[in-house]
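Biologist: Hello! I am new to this structure and would like to walk through it with you, one question at a time. Please put it on the screen.

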Amino acid sequence: MASDTELWRGTDYGWWLAADTSGAVGASLIAFAVPLMMLATTGSSAAATTTESICVVVQAVLGLAGGVIQDRYDRRTLMLIWGASGVALSAVAAAAVMLFGNAPKTSGHGVNGANAPAFGGPYAHVLPIALLCIVVLFSVRDGLLENTSNAMLRGVVPDEQLPHAMALNDARDSTVTLAGGPLGGLLMTVGHAVPFLTSAVLSVLGMVSAWRIRRYWKRATVDDSGHSGNADDAADDAIDVSGAITAAPRWRDALDGMIWLLRDRFQRHLIIAATMVTGASNAFLLLTALDISQGGSQLISVGFINAASAVGMLLGALMASQLVNRVPGGVLVGVMFALLAAGFTGAALVPSMVGKAIFVACSVLALPAGNAVLGGLSNTLVGKDKLGRVGAGSMVLQYGAYGVAVALAGWGMQTIGYGPTCLILATVLVAAAAYALTMRSLITLPTPDRWAEHIQRWSIAQF
């Protein structure tokens, strides 16, 4: 297709995708390994989910400052810094695991007889504390820098190709998720530190790919009103300090993106539904992985549900780029919310793990197309110099919901059990779908070629 040729050869999207994918795979390995290690060393599912919750909250809060940084500094340079810090933190994490958990118990079994990672030795009790400190540092880094690549994407890809690029990104994300669980389990059977060492190598690959990005939007100058110029063909790859950077970011600037998301009725309605979906669905998947781990399954099997989700996403992504330009966006978004609610409800009710996997896979079939629509629309509503702050505001709200949901779900699993807790989470998804589908300005969204008319008709705010 001509659009594919233009996207891959006419832009630096390929290098951007390589850099972003390296970071995504490394992050998935760490996200897989840490909760299982916490579960094995503490014997508590609540401890594992609370660790995740703490990290999410730290990342979300610091994301506010991160949004300002991403809008004021050269984004390619920030991606390089993100990669370098990933190398350092992954190496420290690997060293901590080898130092404090290098004497596996002879039984080879974890919590409740599960064949999960088990640690012994005189310093094994130190490992949970060390891991918590390290993953909090990861969260600090991610809060400040992780969204840089997302903010940079619109400066790499022309606006008219954004839905197509985002559909490709969803296919990539699905592949990463599909491989991440089994790969993480396989690496942990080789050695507990291997996922962290692999993440360090991937961070190096990400830095090399980011360094090759040349054609991208940069801030040039900023006038007194905060309006930035476009310097697409600027030769200097270094951080631009010609008025774009102040001595310290103002909290008003940091909150601008979140304020815009909550002030406009369209954005407010949408972000509330999105936070409910993000929190409930991801908490559901994490609880299921922990439940499988506690049930005596092999480590490679722990990522089974996530892999099923990835299969559904991948199938959906293969159709998304074609659907976005042919089917009204409101239809795609409505189907997305409805399938998420129905699929996770079915997964909560069916007892077998295979049945859960099938329902979860079906629930996300429309997610790539819906994400492409909403992501493309959002990018057309936001100026390139403000994408970092809007992304940060969205991250704070959605990650905040996820942190709360994970913490409550972990305690719920420990007190009322896995099944009832998942039913509660499924109910939240049903409520989110009902909430989103009542929004006429959303469900009547047309194809991208008519978005400008729709934005004007419904007085949707731009930023």
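Modeller: Let us settle one term before we start: a residue is buried if its relative accessible area is under 20%, exposed if it is over 50%, and partly exposed in between. Please also keep in mind that this is a predicted model.

Biologist: Thanks! How many helices and how many strands does the protein have?

Modeller: The protein has 463 residues, of which 56% count as buried. Counting its helices and strands gives 19 helices and two strands.

Biologist: Which residue meets R215 in a salt bridge, and is that partner buried or exposed?

Modeller: The nitrogen and oxygen of this pair come within 2.8 Å in a salt bridge between R215 and D12. R215 itself is partly exposed, with a relative accessible area of 42%. The partner has a relative accessible area of 6%, which is under the 20% limit. The residue you asked for is therefore buried, and its name is D12.

Biologist: How many residues apart in sequence are the parts that this pair ties together?

Modeller: R215 sits in the loop between α8 and β1, whereas D12 sits in the loop between α1 and α2. Because the two loops lie in such separate stretches, the salt bridge ties together parts whose distance in sequence is 203 residues.

Biologist: How many salt bridges does the count come to?

Modeller: Side chains of opposite charge can pair when their charged atoms come close. We have just seen one such pair, R215 with D12. For the protein, the count comes to five.

Biologist: Which residues are linked with D71 in a network of salt bridges?

Modeller: D71 pairs with R75 at 2.9 Å between the closest N and O atoms, and with R389 at 2.7 Å. The second pair joins distant parts of the chain, since D71 is in helix α3 and R389 is in helix α16, 318 residues apart. Along with D71, the network takes in R75, D256 and R389.

Biologist: What is the relative accessibility of D71?

Modeller: Its two partners are both buried, R75 at 4% and R389 at 11%. D71 counts as buried too, because its relative accessibility is under the 20% limit, at 1%.

Biologist: You mentioned α16. How far does α16 reach from its first C-alpha to its last?

Modeller: With 29 residues at 1.5 Å a residue, α16 is expected to span 42 Å. After the helix comes G417, with a positive phi near 105°. The reach of α16 is close to the expected one, at 41 Å.

Biologist: Which helix gives the largest share of the largest nonpolar core?

Modeller: In soluble globular proteins, nonpolar side chains tend to be buried together. Here the largest nonpolar core has 89 residues, and F196, F284, M336, F337 and L442 touch the most other members. Twelve of the core residues come from one helix, residues 265-294, which is α10.

Biologist: How many residues are in the second, separate core?

Modeller: That core includes M79, L80, L153 and L162. Its residue count is 17.

Biologist: What about the surface: how much accessible area does the nonpolar patch with L365 have together?

Modeller: L365 is found in the loop between α14 and α15, and it is partly exposed at 31%. The other members of the patch are V311, L315, L318, M319 and L323. Together, the residues of this patch have an accessible area of about 490 Å².

Biologist: Which residue has a positive phi of about 50° although it is not a glycine?

Modeller: Most residues other than glycine have a negative phi. The residue you want lies in the segment after α19, and it is exposed, with a relative accessible area of 59%. The residue with this positive phi is S459.

Biologist: One last question. What distance separates the C-alpha atoms of A65 and G143?

Modeller: A65 is found in helix α3. Leaving aside neighbours within four places in sequence, A65 is in contact with L144 and A254. G143 is 78 residues away from A65 along the chain, yet their C-alpha atoms are separated by 8.1 Å.

Technical notes:
Residues are numbered from 1 along each chain as its sequence is written. This is a predicted model: local features need pLDDT of at least 70, side-chain atom pairs count only at pLDDT 80 or more; totals for chains, interfaces and linings use all residues. Side-chain values use heavy atoms; hydrogens and water are left out. A salt bridge is a side-chain nitrogen of Lys or Arg within 4 Å of a carboxyl oxygen of Asp or Glu. Helices (H or I, at least four residues) and strands (E, at least two) are DSSP runs, numbered from the N terminus. Buried means under 20% relative accessible area, exposed over 50%, partly exposed in between (1.4 Å probe, protein chains only). The expected span of a helix is 1.5 Å times one less than its number of residues. A nonpolar core is a set of buried Ala, Val, Leu, Ile, Met, Phe, Trp, Tyr and Cys residues joined through side-chain atoms within 4.5 Å. Patches are made of residues with over 30% relative accessible area and no salt bridge: like charges are joined within 9 Å, nonpolar side chains (Val, Leu, Ile, Met, Phe, Trp, Tyr) within 5 Å. Accessible areas come from the Shrake-Rupley method with a 1.4 Å probe; for residues, only the protein chains shown count as cover. Contact means heavy atoms within 4.5 Å.
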